[in-house]
Amino acid sequence: MSDIALKTYTERANVHPNAVAKKLLRLMDEKKSNLSVAVDLTKKNQVLELVDKIGPSICLLKTHIDIVEDFDADMVQQLVALAEKHKFLIFEDRKFADIGNTVKLQYSAGVYKIASWADITNCHTVPGEGIISGLKEVGLPLGRGLLLLAEMSSKGTLATGSYTQATLELAEKHNDFCMGFIARRRFPGLKSDFIHMTPGVGLDVKGDGLGQQYRTPEEVICESQSDIIIVGRGVYGSGRDAAQEAERYRKAGWEAYQRRISK
Ligand code: 5FU
């Protein structure tokens, strides 16, 4: 078991150099939640209603803002107000993947102006180091954080082996802005304290017929030592009571974390 995996979120927050990571780790302990919900709905009001319901259970809201058909600036204002009301951070799962100059524009400008409201965003490392440098020019002065996609949850992902290893090295090099990873598990032997977030989490099913693969909170947090579970359809899927399901996942994630730190 890695040393960091045995520490509490607050112990890590107290010494963490990245402002967003510090804030996130603190509110995880405060809310007893390592749950991020992926709200993949396509209407502004559906998103806002769901976020208000699940807000008390989450530490981090994950958005795909470009799937919202009636997106407008008011939606962002309302999301930020909900984040303040329920105390959670916002992660726009944009998965940038272009050269540094282009991602700077995609991150700061256009319809969505992601850098102006998202505490955290993420990128692929396939373009090389320039993508991180470009995003950092925009995000660091605003006090934002970046996650690198070191692995993916989907079947047949090419983000493995030397690609994953090179991604970890880039994160260490840019650890002022890179605060963590999208990954299936905690990576051993890292010098910095990175927050590991894992999508592909479900308690009831094992996949979705389109390559998604689900593991349980126990497997992800306790066995694989990740920090945050990301759950989408398991919470808001058809016929589910989203507030109740969010609480079910929050409890499962929290209990798995407590088992881990008491090992
Ligand atoms: F980077 C990744 C990944 O490797 N797998 C993912 O599933 C991101 N995701 C996101 O997590 C995906 O885009 C969805 O927004 C969410 C998972 O949703 P689900 O409904 O729990 O499958």
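**Notebook: helix packing, annotated sites and ligand shell**

Entry 1. I looked up the packing of two helices and found that α4 (residues 44-54) and α5 (residues 73-86) pack at an angle of about 5°, with their axes 10 Å apart. Because angles under 35 degrees count as roughly parallel, I recorded α4 as roughly parallel to α5. I then listed the residues that make the contact: K44, L48, V51 and D52 come from α4, and M75, Q78, L79 and L82 come from α5. Sorted by class, this contact has 5 nonpolar, 1 polar and 2 charged residues. I note that the model is a predicted one.

Entry 2. I turned to the UniProt record, an unreviewed entry, whose "binding site" annotation covers D40, K62, S153, Q212, G232 and R233. I chose K62 and S153 from that annotation for a closer look.

Entry 3. Where does K62 lie? I located K62 in strand β2, which spans residues 60-63. Is K62 buried or exposed? I entered K62 as buried, because 24 other C-beta atoms lie within 10 Å and the threshold for a buried residue is 20 or more. Setting aside neighbours within four places in sequence, I found K62 in contact with S36, V37, A38, V39, F91, D93 and I230.

Entry 4. I placed S153 in the loop between β5 (145-149) and α8 (161-173). S153 has 19 C-beta neighbours inside 10 Å and so counts as partly exposed. Apart from residues up to four places away in sequence, S153 touches R184, P199, G200, Q212 and Q213. I note that one of these contacts, Q212, is also covered by the "binding site" annotation in the UniProt record.

Entry 5. Which residues come nearest to the ligand? I found 17 residues around the ligand, of which A38, M152, P199, G232 and R233 come nearest. The elements that give two or more residues to this shell are β8 (228-231) and α10 (233-236). By class, I recorded 7 nonpolar, 7 polar and 3 charged residues in the shell. G232 and R233, listed here among the nearest, are also included in the UniProt annotation.

Entry 6. I followed strand β8 to I228, which has its place there. I228 counts as buried because it has 28 C-beta neighbours inside 10 Å. I228 and M197 are 31 residues apart along the chain, yet their C-alpha atoms are separated by 4.6 Å. Beyond residues up to four places away in sequence, I228 touches N34, S36, L60, I195, M197 and T198. One of these, S36, is likewise listed among the contacts of K62.

Note on methods. Residues numbered from 1 in each chain as written. Predicted model: local features only at pLDDT ≥ 70, side-chain atom pairs only at ≥ 80, totals over all residues. UniProt positions renumbered as here; feature names shortened; annotations may be inferred. Helix = DSSP H or I, 4+ residues; strand = E, 2+ residues; numbered from the N terminus. Buried ≥ 20, exposed ≤ 12 C-beta atoms within 10 Å, placed from the backbone. Contact = placed C-beta atoms within 7 Å. Near = placed C-beta within 6 Å. Nonpolar A, V, L, I, M, F, W, Y, C, P; charged D, E, K, R; others polar. Axes fitted to C-alpha atoms, helices over the stretch in contact; angles between N-to-C directions. Parallel < 35°, antiparallel > 145°, perpendicular 65-115°, else oblique.
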